[in-house]
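Subject: Structure handover and notes

Hello,

Here is the structure for you to work from. My notes on it follow below.

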Amino acid sequence: MATLTIGVFSSLVGSMSLDFAVKLAEAARKKGHDVNVWVSGNATMLSKKGQRSFKDYSSLNKTVESLLAEGAEFCACEACAEARGYKKDDTMENWQRHSMDWYLAKCAKSDKILHIGGE
């Protein structure tokens, strides 16, 4: 199977780009592909532990936890997270936090790359 790397360069609130990226990652994993997901900017908040689900509000943490358990890799931009005031200890289990070098290295080894966002 192929390796897909997704870069999410979007805002967490008011944008469906992050929802789309997670659903795409889920579909690719179901088809047997390896998946890497990089989040930056406000989307790094997806990696913050202690999230709460609300009725009628997009909540992706359970889907991401499932994907992580299945072998997908998720990484948050460390500088973006720190700029938003949360530290490594605030990051959900199995999430990675690195500089953009992680993303670029994953892109170099991937069969397909998709950049999402940039609003």
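Contact, as used here, means heavy atoms within 4.5 Å. The model is a predicted one, and every value below was computed from it.

Thr5 and Ser110

Thr5 belongs to strand β1, which covers residues 3–9. Once neighbours within four places in sequence are set aside, Thr5 is in contact with Asn36, Tyr103, Lys106, Cys107, Ser110, Lys112, Ile113 and Leu114. Its relative accessible area is 0%, so Thr5 is buried, the limit for that class being under 20%. Two partners in that list also have polar contacts with Thr5, side chain to side chain. With Asn36 the distance is 3.0 Å, and with Ser110 it is 2.4 Å. You may want to look at the Ser110 value yourself.

Ser110 is placed in the loop that runs between α4 (100–109) and β5 (112–117). Ser110 is buried too, because its relative accessible area of 14% is under the 20% limit. Not counting residues up to four places away in sequence, Ser110 touches Thr3, Leu4, Thr5 and Asn36. Asn36 is thus a contact of Ser110 and also a contact of Thr5.

Helices α1 and α2

Helix α1 spans residues 17–30 and helix α2 spans residues 61–69; their axes come within 10 Å and cross at roughly 35 degrees. The crossing of α1 past α2 is left-handed. On the α1 side the residues involved are Val22, Ala25, Glu26 and Arg29, and they meet Thr63, Val64 and Leu67 of α2. Sorted by class, this contact consists of 4 nonpolar, 1 polar and 2 charged residues.

Asp19 is another residue of α1. Is Asp19 buried or exposed? The answer is buried, because its relative accessibility of 8% is under 20%. Apart from neighbours within four places in sequence, Asp19 is in contact with Ser58 and Leu60. From Asp19 to Val64 the C-alpha to C-alpha distance is 11 Å, with the two positions 45 residues apart in sequence numbering.

Cysteines

How many disulfides does a search of the whole structure find? The count is 0. Cys75 is in no disulfide, and the nearest cysteine sulfur, which belongs to Cys77, is 8.2 Å away. Cys75 is buried, with a relative accessible area of 0%. Cys80 is likewise in no disulfide. For Cys80 the nearest cysteine sulfur is again that of Cys77, at 3.1 Å. A disulfide requires two cysteine sulfur atoms within 2.5 Å, so the 3.1 Å pair is not counted as one. Cys80 is buried, at a relative accessible area of 16%.

Asn94

One backbone angle is listed separately. Asn94 has a positive phi of about 75 degrees, although it is not a glycine. Asn94 sits in the loop between α3 (78–83) and β4 (96–98). Its relative accessible area is 53%, so Asn94 counts as exposed, the threshold being over 50%.

In brief: Thr5 has side-chain polar contacts with Asn36 and Ser110, α1 and α2 form a left-handed crossing, the disulfide count is 0, and Asn94 carries a positive phi.

Regards

Note on methods:
Residues are numbered from 1 along each chain as its sequence is written. This is a predicted model: local features need pLDDT of at least 70, side-chain atom pairs count only at pLDDT 80 or more; totals for chains, interfaces and linings use all residues. Side-chain values use heavy atoms; hydrogens and water are left out. Axes are lines fitted to C-alpha atoms, for helices over the stretch in contact, and angles run from 0 to 180 degrees between N-to-C directions. Helices (H or I, at least four residues) and strands (E, at least two) are DSSP runs, numbered from the N terminus. A crossing is left-handed if the near helix is turned anticlockwise from the far one by less than a right angle, and right-handed if clockwise. Ala, Val, Leu, Ile, Met, Phe, Trp, Tyr, Cys and Pro count as nonpolar, Asp, Glu, Lys and Arg as charged, and the others, Gly among them, as polar. Buried means under 20% relative accessible area, exposed over 50%, partly exposed in between (1.4 Å probe, protein chains only). A polar contact is a pair of N or O atoms within 3.5 Å; within protein, one must be able to donate a hydrogen and the other to accept it, and residues adjacent in sequence count only if both atoms are side-chain atoms.
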